[in-house]
Amino acid sequence: MTQQHTAIGDLYYGIPAIRLKFGRYEAVALPGNGANLISFHDNETGYSFLREPDAESIEAFKQSPSVYGIPFLFPPNRYEDGKFLWNGVTYELPINEEATHNHLHGFLHTVRWEVEDYGSGEQGSYVVMNQHVREGHPMFRYLPFTFTMKLTYSLDEFGLHQRYVIHNEGDQPIPNLFAFHTAIRVPFVPDSSPEDYKIKVTIGERRELTDRLLATGQFQPLSPEEELMKTTGVSPYFASMDNHYTAAPQNGRNYMELTHSKTGATLVYDVGTAYKHWMIWNNKANQEFICPEPQMNMINAPNRPDLPAEDIGLIALAPGHIFETTSRLYCVTPNKTKS
């Protein structure tokens, strides 16, 4: 191990954190705050890729953790009137979005995760965080399923690697419905402008949403700008977006690319093909950040048994079985063969 490759316990504006360094890259995870990967930097270029709080906004982060860093959502997005239909049983989730009278974003992005391990070596720097859901867990009272999940973040020469694993330890199928509410900083190059960027995402069709932001099961035509978003790229702020799309991998990959036109630097978020959907939200085109969110299920999918489960990402994990998926964030820079 060299001094450049480290994994240490640290504080992030007073919050207990695990700080990872490997070569040019640095990242910070907050186990006690939903296992949020709150920071990812390239120290050689000065690029800062995620929306992260500063000293003045750290309290805002604590109140609204889903709009900073990479929050983990389980189950993700909205459920009508807090109802969650699974295997013939309707479970009741708390209404936590009064404006729509829905449940929003699940339970695990605000709770404490256990640090199982962290360390560093010549192959990378990493942290493993886990969550054991069973009787007594705050989520169990609403969704009484028994499982263990692990989130691993690691840095190596190829960027930031994310690994998600869930093991069904109960005696019935469990819903494997999850998303990452990834908040990408735009602009990420120092002293650049939002107008300098184009975003591409491997979206397919746009799902229609009601005024309560619930999926109807129908589709809407893509606008000309959305057609550009899935081909050559478009401004991440071409319109206010809170849009729900099917995922349509290209060349075997499901990804977002955000390119800075003046330097040619491209941030790649390769999320893997397990995800059935994307949510794309830019907070009313606020010129600060955009959330390209890889999401397993259609919004409100458990409450739509009339639609094909495979199409809407209503994924069940059988007793004893394990599901795993990985993603990576890295930056492609001109005249470099490695990220």
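**Two pockets and an open sheet**

Guide: In this predicted model, the lining of the second largest pocket has 4 nonpolar, 3 polar and 5 charged residues.

Visitor: What makes residues in that lining count as charged?

Guide: Asp, Glu, Lys and Arg count as charged. E205, R207, K276, E310 and D311 are in the lining, so they belong to that class. G217 also lines this pocket, but Gly counts as polar.

Visitor: Which elements give two or more residues to this lining?

Guide: They are strand 19 (203-209) and strand 20 (215-220). The volume of this second pocket is about 190 Å³.

Visitor: How do the residues lining the largest pocket divide by class?

Guide: There are 4 nonpolar, 5 polar and 3 charged residues. The lining includes V67, L104, M279 and W281, which are nonpolar because Val, Leu, Met and Trp are listed in that class. R78, D242 and E293 also line this pocket, and they are charged by the same list. The space in the largest pocket is about 270 Å³.

Visitor: How do you know that strand 1 and strand 2 pair?

Guide: Pairing needs at least two bridges. Strand 1 and strand 2 (residues 15-22) have 7 bridges, in the antiparallel sense, so they pair. One of the bridge partners is A17 in strand 2, which is matched with D10.

Visitor: What is the order of the strands in the open sheet?

Guide: The 5 strands run in the order 1-2-3-4-5, with antiparallel pairing.

Visitor: Why do strand 1 and strand 5 stand at the edges?

Guide: Strand 1 (6-12) and strand 5 (47-48) each have a single partner strand, so one side of each has no neighbour in the sheet.

Methods. Residues are numbered from 1 along each chain as its sequence is written. This is a predicted model: local features need pLDDT of at least 70, side-chain atom pairs count only at pLDDT 80 or more; totals for chains, interfaces and linings use all residues. Side-chain values use heavy atoms; hydrogens and water are left out. Helices (H or I, at least four residues) and strands (E, at least two) are DSSP runs, numbered from the N terminus. On a 1 Å grid over the protein atoms alone, a cavity is a set of points where a 1.4 Å probe fits but cannot get out, and a pocket is an open set with protein on both sides within 12 Å along at least five of seven lines; lining residues have an atom within 4 Å of a point. Grid points are joined across faces, edges and corners, and a volume is the space filled by probe spheres set on the points.
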